[in-house]
Amino acid sequence: MTESGVVAVVRSLAILLLAAAASCSESVVAPPEEPQIPVTIAGTRPATGPLRTEGGEMEQGLRLAVVMLNEAGGIGGRPVQLLLRDDDSDPQAAAAIYRELAATDSIDLLVGPYASSITAAVVSVAEAASRPLVAPLAASHTIWSGQGREWSVQMLNDARDNLSGAVLVGARVGVETVAVVYEDSSFPLSAAEGVRGAVAELGLRLVMDERYRIGEADHLALAVQARDLGADLFLGGGYTEDAIAFTRAVAEAGYRPLLSSWSVGTAAPDFPAQVGLELARCVIGNAPWVPSLATSGFLASNAAFVERYEETHGVLPAYNAAAGFGAIELLAEAAQASLSSDGEISEAGVRDYLFSASTETVLGPFGVVPLGEPDAGSQRGITRLQLQWQDNGQGGLVQRVIYPDGAAEAEPCTNAA
């Protein structure tokens, strides 16, 4: 090979080596793709205190929804994370936490707490901070009625409807006299108001109307009083612990009203296990939701939610879990619909969507009174179901819908005189 040929070969090899080196250098120094900043949804739940049972059910629904939301790609391609803090079942503790969350720029969306009494304090915080908030489990009408809310929406129905269906059922089976007892807090007070209205409308006689301070009910004494007054229908209560205690107290007092109904707790799948089959038989509960509903939301159909929940927790979900799941669905749907061109969530857009949307979650229909109205943000889509524990023909109990008529699965059973 000539000298010029050797030079040409060397020059070619040098060029190839330089190209290879450049290629290797580029592969080493190329910056990795930056991870997406998560969307943070924040709120509280009562991990401690008297509302911890119901709050725990809500939390399970919230967390499952976030898992399934991330499996579906998150919001605008961004992963979603859930930040929950313990409010100890205390309205003022919850309000203080939400003030902190509302002032934190890294918090994108707010989900409400459990219970009307706590939500009432929290809604005031969200409204003052102009931050949209979805309240999954607040039924008291006083939070929205005549308040002209602009940032907070309700998922549950008006609490005045919770027990009024039981009064109507009672009238159909021969109830003439009614005793209502209730905790002195926002939701039970609204439920008792609905009882009074139904009793008056149906021409029944209210022989007992007693409120008790939170955590201070003398369940046996109240049951004895209702017994001695001859109440055919004994109903009311506060939350799950009261439902269990009143059911036991009725038996201990030797009291056999035609019907009894408790505002929260009796619809839970484990209620018969809590009080025993004999005491649970014919007790009425109420719920906005049951596992058999044919609903479908932004993340899942109700059947898919129930299946996934049962796989995760080994039991069927209660309506508190469905409401928690539905709240995340609703927030995700509103956020997705209000994304800006650069993928940012518009809080004003979320608010506008929540107040104008007619949609559905696994919990059921969602639609609220629109902005500018006195009752803006109050729910007008969901109806309450009256449920009753009845014999299943195999020595156990099953929960059946007995009201409203269009959804009823069975006629009500009653206690013998």
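Buried means under 20% relative accessible area, exposed means over 50%, and partly exposed lies in between, using a 1.4 Å probe and protein chains only. Keep that term at hand for the tour.

This is a predicted model: local features need pLDDT of at least 70, side-chain atom pairs count only at pLDDT 80 or more, and totals for chains, interfaces and linings use all residues. Residues are numbered from 1 along each chain as its sequence is written, and side-chain values use heavy atoms, with hydrogens and water left out.

**Stop 1: strand S9**

Select residues 259-262, strand S9. Helices (H or I, at least four residues) and strands (E, at least two) are DSSP runs, numbered from the N terminus. Both faces of S9 are covered. Leu259 and Ser261 are buried on one side. Ser260 and Trp262 are buried on the other. In a regular strand the side chains alternate between the two faces of the sheet.

Now add residues 233-237, strand S8. S8 and S9 pair in the parallel sense over four bridges. Two strands pair if DSSP finds at least two bridges between them. Which residue in S9 is the bridge partner of Gly236? Trp262 is.

Add helix H8, residues 240-252. S8, H8 and S9 make a right-handed β-α-β unit. A crossover is right-handed if, with the strands pointing away from the viewer, the path from the first strand over the helix to the second runs clockwise.

**Stop 2: the rings**

Show the aromatic side chains. The whole structure holds ten aromatic pairs. Rings of Phe, Tyr and Trp (its six-membered ring) pair if their centres lie within 6.5 Å; planes under 30 degrees apart count as stacked, over 60 as edge-to-face and the rest as tilted.

Zoom in on Phe246 and Trp262. Their ring centres are 4.7 Å apart and their planes stand at 5°, so the pair is stacked. Phe246 is in helix H8 and Trp262 in strand S9, 16 residues apart. Phe246 counts as buried, at 0% relative accessibility. Trp262 also counts as buried, at 1%.

Next, pick Trp289 and Phe305. Why is this pair called edge-to-face? The ring centres are 6.0 Å apart and the planes are at 65°, so the pair earns that label. Trp289 is in the loop between strand S10 (284-287) and helix H11 (302-313), while Phe305 is in H11. Both residues are buried.

Then select Tyr212, Phe234, Phe246, Tyr255 and Trp262 together. Ring pairs link these residues into a cluster.

**Stop 3: charges over rings**

Find Arg351 and Trp151. The charged end of Arg351 sits over the ring of Trp151, 4.3 Å from its centre. The test is that NZ of Lys or CZ of Arg is within 6 Å of the ring centre and within 35 degrees of the ring normal. Arg384 lies over the face of Tyr319, at 5.3 Å from the ring centre.

**Stop 4: the five-stranded sheet**

Five strands form an open sheet in the order S2-S1-S3-S4-S5, with parallel pairing. Strand S2 (80-86) and strand S5 (152-154) stand at the edges, each with a single partner strand, so one side of each is left without a neighbour in the sheet. The twist averages 20° from one strand to the next. Axes are lines fitted to C-alpha atoms, for helices over the stretch in contact, and angles run from 0 to 180 degrees between N-to-C directions.

Select S1, residues 39-45. Seven bridges join S1 to S2. Val39 stands opposite Val80 in S2.

Add helix H2, residues 52-71. H2 lies across S1, S2 and strand S3 (109-111), at about 165° to S2. Contact means heavy atoms within 4.5 Å. Then add helix H12, residues 319-337. H12 lies across S1, S3 and strand S4 (133-135), at about 160° to S3.

**Stop 5: three single residues**

Click Leu331 in helix H12. Is Leu331 buried or exposed? Leu331 counts as buried, at 0% relative accessibility. Leaving aside neighbours within four places in sequence, Leu331 is in contact with Ile41, Leu109, Leu110, Val111 and Val134. Leu331 and Ile41 are 290 residues apart along the chain, and their C-alpha atoms are separated by 8.8 Å.

Go to Val264, in the loop between S9 and helix H9 (271-275). Val264 is buried, with a relative accessible area of 5%. Not counting residues up to four places away in sequence, Val264 touches residues including Glu54, Tyr114 and Tyr319.

Finish at Gln386, in strand S13 (residues 385-391). Gln386 counts as buried, at 1% relative accessibility. Not counting residues up to four places away in sequence, Gln386 touches several residues, among them Asp161, Ser261 and Arg400.
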